[in-house]
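Welcome! Please take a moment to look over the structure shown here before reading on.

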Protein chains: 2
Amino acid sequence: MTKQKALLLSIFRSELCKGQHRTADELLLLAREKMPGISRATVYNNLRSMEEEGLIRKITADGGADVYDSSFELHGHLICTSCHAIKDISVPTLLEDMKRIAGADVDSYELKLRYVCENCRKTV
Amino acid sequence: MTKQKALLLSIFRSELCKGQHRTADELLLLAREKMPGISRATVYNNLRSMEEEGLIRKITADGGADVYDSSFELHGHLICTSCHAIKDISVPTLLEDMKRIAGADVDSYELKLRYVCENCRKTV
DNA sequence: TTGATTTTTTAGATTTCGTCTAAAATTATT
DNA sequence: AATAATTTTAGACGAAATCTAAAAAATCAA
């Protein structure tokens with residue numbers, strides 16, 4: 001385990017990322033506060049390996065950059081089509097349901113639910 | 001309705017796109033067979049407006065380019081993590097289930113199920 | 001229809017995000 | 001300690017999509 005990867009893991013486990021969804025670029029900036037010279041490629045390399053190890057989860061966002069979250073549990077995302085805010089949502093039986101419907105061994109899923117959040121609903 | 005947009009719609013409704021998932025670039029090439037001068041920007045413009053009108057659906061792919069499909073019904077996608085092939089899957093009650101679980105008016109969803117397709121399972 | 005207004009198209013530049021490269025540094029192995 | 005394997009680094013590179021400003025086309029109004 002390199003210092004760089006350990007740093008990224010600690011960032012994910014810190015309050016900085018609790019319940020948050022961070023872009024690679026944000027994570028690069030957070031990492032550089034502790035380790036100024038860390039390279040962009042290193043952040044991307046480690047994000048990839050951490051995702052492959054199941055330590056973090058990548059959400060392929062619609063418009064902008066991909067976003068990472070640190071929670072271990074598989075879950076869905078509510079995405080506001082107006083302000084683009086993302087909220088986690090637990091969907092307990094979805095994986096099992098999908099295995100049954102698909103008739104195949106589904107390994108994981110990515111579920112994005114589009115809606116308009118309360119805030120935006122008010123201010124429109 | 002411009003000729004360009006009409007052409008793109010006809011391509012989506014033709015056999016060329018039935019049950020297929022096409023990238024913007026593929027659609028540009030298909031369009032240029034009929035209208036050689038059509039611009040890349042025009043294809044992107046119209047894909048966006050057609051998606052906003054609900055005529056087509058955009059799937060933000062993990063690695064490569066976004067992909068569009070022409071089917072009207074909301075549905076999920078089974079994506080093979082080995083060969084990246086995409087298959088449609090009908091998930092009848094998902095939208096209603098999600099509205100209930102989220103306690104909010106979910107407008108639509110994007111569901112990607114990761115699995116290894118039969119072909120790839122054999123050849124590993 | 002004619003002229004004015006709005007919308008769309010076009011070509012190419014630009015931006016954004018992420019990957020690749022090759023050398024240097026670090027880490028692991030013998 | 002010497003060798004091998006892995007990771008980091010800086011910056012170049014690439015793919016995908018958006019932006020720009022001018023031209024063309026479509027729409028609207030009289």
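Below is a short tour of the two chains and of the place where they meet.

Keep in mind that this is a predicted model. Chain A fits onto chain B with an RMSD of 0.1 Å, and 20 residues of chain A are in contact with 20 residues of chain B.

**How the two copies are related**
- A turn of 179 degrees, with a shift of 0.0 Å along the axis, lays chain A on chain B.
- The two copies are therefore related as by a two-fold rotation axis.
- Within chain A, L111(A) has the C-alpha nearest the axis, 2.3 Å from it.

**Inside chain A**
- Chain A is divided into domain 1, covering 3–69, and domain 2, covering 76–123.
- Taken over C-alpha atoms, the centres of these two domains of chain A are separated by 22 Å.

**Where the chains touch**
- The contact between the chains involves 20 residues of chain A and 20 residues of chain B.
- On the side of chain A that touches chain B, α4 (94–102) and β6 (108–115) of chain A each supply at least two residues.
- The most comes from β6(A), which gives eight residues to that side.
- By type, the residues on that side of chain A are twelve nonpolar, two polar and six charged.
- The copies meet through the same surface, because 100% of the interface residues of chain A are also interface residues in chain B.

**Strand pairing across the interface**
- Strand β6(A) pairs with strand β6 (residues 108–115) of chain B in the antiparallel sense, over seven bridges.
- As for K112(A), its bridge partner in β6(B) is E110(B).

Terms used. Residues numbered from 1 in each chain as written. Chains lettered and ligands numbered in written order. Predicted model: local features only at pLDDT ≥ 70, side-chain atom pairs only at ≥ 80, totals over all residues. Least-squares fit on C-alpha atoms with pLDDT ≥ 70 in both. Contact = placed C-beta atoms within 7 Å. Domains from an automatic or database assignment. Helix = DSSP H or I, 4+ residues; strand = E, 2+ residues; numbered from the N terminus. Nonpolar A, V, L, I, M, F, W, Y, C, P; charged D, E, K, R; others polar. Pairing = 2+ DSSP bridges.
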